[in-house]
Amino acid sequence: MSEARARQEPLHWLILEQLADGELHSGETIARRLGVSRTAVWKAFNKLEQFDLLVEHQRGVGYRLAGAALDLLDAHQIRQAMPGISVGKGENLSALRLFKEIPSTNQYLLDEEIGHAAGPVACLAEYQHAGRGRRGRNWYSPFGANLYCSLAWPVRSSAADLSGLSLAVGVTVAELLSAMQVPGIGLKWPNDLLVDGQKLGGILIDLRGEANGVIWAVVGVGINVNMQAGDGQTIDQPWTSCQQLIAKPLSRNQLAGQLIDRLISAMTCFEQQGFAAFSQRWHQLDLLVGKPVWVEQGGEKMAALAAGVDASGALRVSSNGSSFVLHSGEVSVRAAD
């Protein structure tokens, strides 16, 4: 471990990397490896507890994380899992940013990378303390269990051409998870991945224009990967995780690498062909088509029948003999009970 890296990361995160394997480590060994005092190590254990990472102590033996080992994000493993691209070459991916803790991966890219990056940038975090869902809702983020991945992409077309982008990303994520043997995935317009009515993941798209006319799309993807039943007690809606569906942990590094790879391919395709390249695939995954729904718009609630999406990805509904087209920024739609 270089001195430069040691200065970059707070002590509690360096200690977590020592404990991530789930094995016992003596406090003396940890302190010696990191060049700090035993007291500093003990204080760092307390800091970890702020992230619900509990450290067990066996007197005379050592310390270890309570529960299972952590599959921490690793840049090398993520790059190896990107079959179609390479970081730092051409226009594929100019940078890969990994964080232990961050307010929001989308917000980081909006604040720190747009306007400075030479090309697309991916950002991932173990934990978000201000993660955002659609319409400003909070996104629950237990440490090291799920995947929070954002991709900043410089768009060559106009902002008006980006309608349907969240649907295209949803199709891309659903197909990837299906390829990784996660069963039963469907898409709820405009940006939710569900299995049997339980939320597995979601999409958040932020757009930012620059003075030079370049438009950036920041594509945020949240996936419940290895979250356990006891982890989501504060979530106010039914949810599930990949691990619960396939009865074994899923490698977050493998998933992250393949997700970034597919997102880059999807963004390239979307720029060239628009939503048309994804519309039939969306239809096959559409959970609302032909179903009764509740539409909330402008403080009013309306019962309607979902009729699929149009060529731009807008939702078509009918109510009281009239047909409507709904755009994702305007409304909230949920299946009728």
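## Around L147

Let's start with L147. Not counting residues up to four places away in sequence, L147 touches L73, L124, V221, G222, I223, V225, R252, L255, A256 and L259. Keep in mind that this is a predicted model.

## Two cores

L147 also turns up in the largest nonpolar core, which has 65 residues. L147, L177, W189, I223 and I260 are the ones with the most contacts inside this core. Which helix gives the most to this core? Helix α9, running over residues 252-273, does, with 10 residues.

There's a second core too, separate from the one above and made of 22 residues. Among its members are A20, I30, F45 and L72.

## Where α3 meets α4

Two of those second-core residues, I30 and F45, also show up where helices α3 and α4 touch. Helix α3 covers residues 27-34 and helix α4 covers residues 38-49. Their axes are 9 Å apart, and the helices pack at an angle of about 105°. With that angle, α3 is roughly perpendicular to α4.

On the α3 side, the contact is made by G27, E28, I30 and A31; on the α4 side, by R38, V41 and F45. Sort the contact residues by type and you get 4 nonpolar, 1 polar and 2 charged.

## Backbone oddities

Most peptide bonds are trans, and most residues other than glycine have a negative phi. A few spots here go the other way. W189 and P190 are joined by a cis peptide bond, with omega at about 0°. P190 sits in the loop between β6 (186-188) and β7 (192-195), while W189 is one of the residues with the most contacts inside the largest core.

Then there are two positive phi values. D52, in the loop between α4 and β1 (55-58), has a phi near 60° without being a glycine. Is D52 buried or exposed? D52 counts as exposed because its relative accessibility is 66%, and the cut-off for exposed is over 50%.

A247 is not a glycine either, yet its phi is positive, at about 60°. You'll find A247 in the loop between α8 (242-246) and α9. A247 is exposed as well, with a relative accessible area of 71%.

## The whole chain

Zooming out, the protein chain has 10 helices and 14 strands. Of its 337 residues, 49% are buried. Looking at contacts between residues at least 6 apart in sequence, 63% join residues at least 24 apart. The chain exposes about 16,100 Å², and carbon and sulfur atoms supply 47% of that.

Note on methods
Residues are numbered from 1 along each chain as its sequence is written. This is a predicted model: local features need pLDDT of at least 70, side-chain atom pairs count only at pLDDT 80 or more; totals for chains, interfaces and linings use all residues. Side-chain values use heavy atoms; hydrogens and water are left out. Axes are lines fitted to C-alpha atoms, for helices over the stretch in contact, and angles run from 0 to 180 degrees between N-to-C directions. Helices (H or I, at least four residues) and strands (E, at least two) are DSSP runs, numbered from the N terminus. Angles under 35 degrees count as roughly parallel, over 145 as roughly antiparallel, 65 to 115 as roughly perpendicular and the rest as oblique. Contact means heavy atoms within 4.5 Å. Ala, Val, Leu, Ile, Met, Phe, Trp, Tyr, Cys and Pro count as nonpolar, Asp, Glu, Lys and Arg as charged, and the others, Gly among them, as polar. A nonpolar core is a set of buried Ala, Val, Leu, Ile, Met, Phe, Trp, Tyr and Cys residues joined through side-chain atoms within 4.5 Å. Buried means under 20% relative accessible area, exposed over 50%, partly exposed in between (1.4 Å probe, protein chains only). Accessible areas come from the Shrake-Rupley method with a 1.4 Å probe; for residues, only the protein chains shown count as cover.
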